[in-house]
Amino acid sequence: MKIFIAEDELSLARVLSEFLPKAIEGADVTLKADGIEAVTTLQVIATGDKANWPDVILSDYHLGGLNGDAVLQVGAKLFPSAQLILMSGAADADNIERARATISRPFLFLSKPFMLSELLALIKA
């Protein structure tokens with residue numbers, strides 16, 4: 001399973017990149033800390049072999065450069081079968097509605113802080 005993560009909080013990014021490969025056999029994690037870098041990387045991945053396309057795209061809402069809703073919108077267009085998960089510590093209705101208006105297809109929302117088991121359950125759903 002290929003998991004693409006856009007997360008600018010270094011400690012959480014480190015935890016996710018270490019936890020997911022241990023919790024999901026064969027998981028391959030790509031991690032980017034900035035929205036622009038995340039979108040650029042997704043565009044490059046999309047031009048390559050489909051075997052390297054992400055199965056899951058997980059993005060924080062508040063990123064440098066571009067917000068997570070923009071990252072997931074690009075991911076939704078480039079990888080139609082990828083599961084999309086947006087996470088945010090600011091789980092206010094305005095951010096969620098803005099994301100729903102931006103992202104062209106359904107996505108899951110994960111409110112920070114969260115238990116790793118919650119994330120794992122969403123990915124395996």
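A nonpolar core, as the term is used here, is a set of buried Ala, Val, Leu, Ile, Met, Phe, Trp, Tyr and Cys residues joined through side-chain atoms within 4.5 Å. With that in hand, let us walk through the structure above, which is a predicted model.

We can begin with the sheet. Five strands, in the order β2-β1-β3-β4-β5, form an open sheet with parallel pairing. At its edges stand β2 (28–32) and β5 (108–111); each has a single partner strand, so one side of each is left without a neighbour in the sheet. On average, neighbouring strands are turned by 20° against each other, direction ignored. Further in, β3 and β4 are paired in the parallel sense over 5 bridges. If you would like one residue pair to look at, take aspartate 60, whose bridge partner in β4 is methionine 87.

Now add the helices. Helix α2 lies across β1, β2 and β3, and runs at about 155° to β1. Helix α5 (residues 116–124) also packs on the sheet, where it touches β1, β3, β4 and β5. The direction of α5 makes about 155° with that of β4.

Helix α2 has a helical partner too. The axes of α2 and α3 come within 9 Å and cross at roughly 5°. Because angles under 35 degrees count as roughly parallel, that is how α2 is placed relative to α3. From α2, the residues Gly35, Ala38, Val39, Leu42, Gln43 and Ala46 meet Val71, Val74, Gly75 and Leu78 of α3.

With these elements in place, we can turn to the interior. The largest nonpolar core has 21 residues, and those with the most contacts inside it are Ile57, Val71, Phe79 and Leu84. Two or more residues each come from β1 (2–6), α2, α3 (68–78) and β4 (83–88). Helix α2 gives the most to this core, with 5 residues. Isoleucine 57 makes a good stop on the tour: leaving aside residues up to four places away in sequence, its contacts include Phe4, Leu42, Leu72, Phe79 and Leu84. Apart from this core lies another, of 18 residues, among them Leu12, Met87, Leu110 and Phe114.

Back in helix α2 (residues 35–46), threonine 41 deserves a glance. Is threonine 41 buried or exposed? Its relative accessible area is 17%, and because buried means under 20%, threonine 41 counts as buried. Not counting residues up to four places away in sequence, threonine 41 touches Phe4 and Lys32.

Next come the aromatic rings. A search of the whole structure finds 1 aromatic pair. The rings of tryptophan 53 and phenylalanine 79 have centres 5.1 Å apart and planes at 80°, so the pair is edge-to-face. Distant parts of the chain are linked by this pair: tryptophan 53 sits in the loop between α2 and β3 (56–60), and phenylalanine 79 in the loop between α3 and β4, 26 residues apart. Both tryptophan 53 and phenylalanine 79 are buried.

Our last stop is a detail of the backbone. Most peptide bonds are trans. Lysine 112 and proline 113, however, are joined by a cis peptide bond, with omega about -10°. You will find proline 113 in the loop between β5 and α5.

Terms used
Residues are numbered from 1 along each chain as its sequence is written. This is a predicted model: local features need pLDDT of at least 70, side-chain atom pairs count only at pLDDT 80 or more; totals for chains, interfaces and linings use all residues. Side-chain values use heavy atoms; hydrogens and water are left out. Helices (H or I, at least four residues) and strands (E, at least two) are DSSP runs, numbered from the N terminus. Buried means under 20% relative accessible area, exposed over 50%, partly exposed in between (1.4 Å probe, protein chains only). Contact means heavy atoms within 4.5 Å. Rings of Phe, Tyr and Trp (its six-membered ring) pair if their centres lie within 6.5 Å; planes under 30 degrees apart count as stacked, over 60 as edge-to-face and the rest as tilted. Two strands pair if DSSP finds at least two bridges between them. Axes are lines fitted to C-alpha atoms, for helices over the stretch in contact, and angles run from 0 to 180 degrees between N-to-C directions. Angles under 35 degrees count as roughly parallel, over 145 as roughly antiparallel, 65 to 115 as roughly perpendicular and the rest as oblique.
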